[in-house]
Amino acid sequence: MTAGRLAFRPRHPRALLGERWPPVKFSVERDVLTEAVSWTARSLAQRPASPVLAGILITASAGIVTFEGFDYETSAHLEIEAQIEEEGTILVSGKLLAEICRNLPQSSVTLETDGTKLQVRCGRARFHLATMPVAEYPTLPAQPEILGLVDGAEFAHAVAQVIVAASKDDTLPILTGIKVEFNDDTMTLLATDRYRLALRELSWRPATPGVQTSALVKARTLNEVAKTLGGSGDLTLALSSTGDLMGFSSGARRTTTLLVDGDYPKIRSLFPESSPIHASVRTSSLTEAVRRVSVVAERNTPVRLQFTQGQVALDAGTGEDAQAEESIETMLDGEDITVAFNPAYLSEGLAAFDSEFVRFSFTSAPKPAMLTAQAEETGEDNNAYRYLVMPVRLPNA
């Protein structure tokens, strides 16, 4: 995404004429200020295109202090109550202010302009920060039209489950995103890095019944939204009519992000509709076993799982190298099968399940294995979350 997609507008035209801005002074509790500044600073670019984009815009007015951050791709807006003595607007380095706030003593904090500086006072501590020109700061995009509501905690859990399969390779930007599909009252999150796929379905409450649309959101942005906005009840989702901007809001916080351009691969068809072989394993036991045998698995060395009636045997390491073996109980339905997986892909997939058992569904050894949740060893699986992982081809397989 480039800055050219959003038009620049001076925030305060008067400042372009050199008019002096009134002083700003307000007081707020240290923890409230620290949380507000830290959350807003998360939206700031590591290497901003313009020095002012490294700043947080702070506006004090009518008993409310607003904190805003923007990097032409992601915006953040947060409001808190404060004791305001002088109303006005200032722009200061966001990362520096956040670091200062985290190290302040536990007391009330007063922020006050002093000429071209911002003075931060807390107890006996004093800090003086240079301010930046407010007039050069761009106006944040407006929140798009509301799409609907989703339970924040469930949304956060769903994002955490699918993000494990999102690519971290920035040379493939489309795969660094999470596809969010809306079909009436069902929301589906999808992610893939070409070696594994993750799909999670959940319920939500659309503003317009029967809505059918989708959005491709950067995985790290969606993860940040889920972590910071998912714990406050309902999360409001918004999508622009042009389909290039998505918004999220909860309480006094809201954020927008430009969507990833491009066509996401059609990965739904890769999940098998039926499988002749199923194996149920206690999630915690398998997770620990994979962790232990993986200790001897060098880079690109797989962990092998041999499923037979009553047990699954795990081993890693070959030849003269270090080796490890372990076996745990399993309930197998179908023929014996031996498969091998990248230990990181298998471990990350298992960690996404919070069910007592995980169910492996196999078509054949060379084909991808699908993992789903299972509450009981012999019960039905819950396919609301599906994790598909490609096996590693074994010699002579």
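Start by selecting Arg102, which is partly exposed in this predicted model, with a relative accessible area of 42%. Now add Glu99 to your selection: Arg102 forms a salt bridge with Glu99, and their closest N and O atoms are 2.8 Å apart. Glu99 is partly exposed too, at a relative accessible area of 40%. Show the cartoon and you will find both Arg102 and Glu99 in helix H3 (residues 94-102), three residues apart, or about one turn of the helix.

Keep H3 on screen and bring in helix H2 (residues 30-41). Two packed helices are described by the angle between their axes and the distance between the axes. For H2 and H3, the angle is about 150 degrees and the axes lie 9 Å apart. Because an angle over 145 degrees counts as roughly antiparallel, H2 is roughly antiparallel to H3. The crossing of H2 and H3 is left-handed.

Which residues of H2 and H3 meet? On the H2 side, select Arg30, Leu33, Thr34, Val37, Ser38 and Ala41. On the H3 side, select Gly94, Lys95, Leu97, Ala98, Cys101 and Arg102. Try coloring this contact by residue type: six of its residues are nonpolar, three are polar and three are charged. You have already visited Arg102, the salt-bridge partner of Glu99.

Next stop: helix H6 (residues 283-293). Select Glu288 and Arg292, which form a salt bridge with their closest N and O atoms 3.9 Å apart. Glu288 and Arg292 are four residues apart in H6, so about one helical turn separates them. Are these two residues buried or partly exposed? Glu288 counts as partly exposed at 33% relative accessibility, and Arg292 counts as partly exposed at 37%.

Now for a pair that links distant parts of the sequence. Select Glu73 and Lys218, whose side chains meet in a salt bridge (3.2 Å, N to O). Glu73 sits in the loop between strand S3 (64-70) and strand S4 (74-81), while Lys218 belongs to strand S15 (residues 212-218), so the pair ties together parts that are 145 residues apart in sequence. Switch on the surface and look for Glu73: this residue is buried, with a relative accessible area of 16%.

For your last selection, pick Lys25, Glu85, Glu112 and Arg121 together. These four residues are linked in a network of salt bridges. If you would like to keep exploring, how many salt bridges does the structure hold? There are 20, including the one between Glu73 and Lys218.

Key
Residues numbered from 1 in each chain as written. Predicted model: local features only at pLDDT ≥ 70, side-chain atom pairs only at ≥ 80, totals over all residues. Heavy atoms only, no water. Helix = DSSP H or I, 4+ residues; strand = E, 2+ residues; numbered from the N terminus. Buried < 20%, exposed > 50% of the residue type's maximum accessible area, 1.4 Å probe, protein only. Axes fitted to C-alpha atoms, helices over the stretch in contact; angles between N-to-C directions. Parallel < 35°, antiparallel > 145°, perpendicular 65-115°, else oblique. Left-handed = near helix turned anticlockwise from the far one by under 90°. Contact = heavy atoms within 4.5 Å. Nonpolar A, V, L, I, M, F, W, Y, C, P; charged D, E, K, R; others polar.
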